[in-house]
Amino acid sequence: MPFIITDPCIGTKDTACVDVCPVDCIHPKKDEPEFEQMTMLYIHPEECIDCGACVPACPVTAIYDSHDSTPASQKDLIEANNVYRNGDADAMAQAEALVKAYVEAHAELMAIDPKERQTHH
Ligand code: SF4
Ligand code: SF4
């Protein structure tokens with residue numbers, strides 16, 4: 001079961017997880033043209049090997065280790081991780097639409113500093 005990036009990544013997006021992922025399955029990376037336009041980063045669900053290296057690397061505790069452990073408040077972002085495919089314009093737009101809808105629906109969480117947001121999940 002793949003790991004999931006959730007909302008503390010929004011507004012942080014520092015790519016610390018990308019640097020430690022052994023299979024290069026977190027996108028977009030800083031040197032990819034899609035990086036600037038994306039609201040957050042995404043884990044490719046079929047390429048993730050569940051190694052766990054990204055979890056302690058994330059400075060804002062944005063990554064959960066399975067669908068089951070992802071809190072209910074973050075469930076919409078599971079689908080965003082599922083559909084995102086770097087370089088596929090339609091898939092990227094679909095993921096971003098899910099994230100934008102999530103942001104609009106969770107103004108109270110978005111108002112919290114990303115470093116503190118996970119404690120409110
Ligand atoms: S669990 Fe491992 S393989 Fe999966 S995204 Fe994190 S670092 Fe990459
Ligand atoms: S380390 Fe955390 S905040 Fe940084 S890009 Fe990865 S998931 Fe987002």
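This is a short walk through one predicted model, starting with a helix and ending with some unusual backbone spots.

Let's begin with helix α4. It runs over residues 89–105, so 17 residues in total. How far apart should its ends be? At 1.5 Å a residue, α4 should span 24 Å. The end C-alpha atoms are 24 Å apart, which agrees. You can also take two residues inside the helix. Ala-89 and Glu-104 are 15 residues apart along the chain, and their C-alpha atoms are separated by 22 Å.

Now, which residues of α4 are buried? They are Ala-91, Met-92, Ala-95, Glu-96, Val-99 and Tyr-102. These buried residues cover an arc of only 125° around the axis, which puts them on the same side of α4. Look at the numbering, and keep one rule in mind. An α-helix has 3.6 residues a turn, so residues three or four places apart point the same way.

Turn the helix around. The face away from the buried side carries exposed residues: Ala-89, Asp-90, Glu-104 and Ala-105. Take Ala-89 as a case. Its relative accessibility is 56%, and the cut-off for exposed is over 50%, so Ala-89 counts as exposed.

What covers the buried residues of α4? The cover includes β3 at 42–43, α3 at 75–83 and α5 at 107–110.

One more detail on α4. Its N-terminal end has a cap, and the cap is Asp-88. A side-chain oxygen of Asp-88 lies 3.1 Å from the backbone nitrogen of Asp-90.

Next, Leu-98. This residue also lies in helix α4. Is Leu-98 buried, exposed or partly exposed? Its relative accessible area is 28%, so Leu-98 is partly exposed. Not counting residues up to four places away in sequence, Leu-98 touches Glu-79, Ala-80 and Val-83. Take the pair with Glu-79. The two are 19 residues apart in sequence, yet 7.7 Å apart in space, C-alpha to C-alpha.

That brings us to α3. Here Leu-77, Ile-78, Ala-80, Asn-81 and Val-83 are buried. What do they pack against? The buried residues of α3 pack against β1, at 4–5, and also against β3 and α4.

Let's stop at Ile-78, in helix α3. Its relative accessibility is 9%, and buried means under 20%, so Ile-78 counts as buried. Leaving aside neighbours within four places in sequence, Ile-78 is in contact with Ile-4, His-67 and Thr-70. Pro-45 is another residue to find on the screen. Ile-78 and Pro-45 are 33 residues apart along the chain, and their C-alpha atoms are separated by 9.6 Å.

Ile-4 comes up again with Ser-66. Ser-66 lies in the loop between β4, residues 63–64, and α3. With a relative accessible area of 12%, Ser-66 is buried. Its contacts, leaving aside neighbours within four places, are Met-1, Pro-2 and Ile-4.

Now the two ligands. How many residues surround ligand 1? There are 13, and the closest are Cys-21, Cys-48, Cys-51, Gly-52 and Cys-54. By class, that shell has eleven nonpolar, one polar and one charged residues.

Ligand 2 is surrounded by 13 residues. The closest are Cys-9, Asp-14, Thr-15, Cys-17 and Cys-58. This shell has nine nonpolar, two polar and two charged residues.

Hold on to Thr-15. It opens the last topic, the backbone. Most residues other than glycine have a negative phi, and most peptide bonds are trans. Three places in this model go the other way.

Thr-15 has a positive phi of about 65°, although it is not a glycine. Where is Thr-15? It sits in the loop between β1 and α1, residues 16–20. At 6% relative accessibility, Thr-15 counts as buried.

Thr-61 has a positive phi too, near 55°. Thr-61 is found in the loop between α2, residues 54–57, and β4. At 38% relative accessibility, Thr-61 counts as partly exposed.

Last, a peptide bond. The one joining His-27 and Pro-28 is cis, with omega about -5°. Pro-28 is found in the loop between β2, residues 26–27, and β3.

That's the tour. Thank you.

Terms used: Residues are numbered from 1 along each chain as its sequence is written. Chains are lettered from A and ligands numbered from 1 in the order in which they are written. This is a predicted model: local features need pLDDT of at least 70, side-chain atom pairs count only at pLDDT 80 or more; totals for chains, interfaces and linings use all residues. Side-chain values use heavy atoms; hydrogens and water are left out. Helices (H or I, at least four residues) and strands (E, at least two) are DSSP runs, numbered from the N terminus. The expected span of a helix is 1.5 Å times one less than its number of residues. Buried means under 20% relative accessible area, exposed over 50%, partly exposed in between (1.4 Å probe, protein chains only). The arc is that of the directions from the helix axis to the C-beta atoms. Contact means heavy atoms within 4.5 Å. A polar contact is a pair of N or O atoms within 3.5 Å; within protein, one must be able to donate a hydrogen and the other to accept it, and residues adjacent in sequence count only if both atoms are side-chain atoms. A residue is near a molecule or strand if one of its heavy atoms lies within 4 Å of it. Ala, Val, Leu, Ile, Met, Phe, Trp, Tyr, Cys and Pro count as nonpolar, Asp, Glu, Lys and Arg as charged, and the others, Gly among them, as polar.
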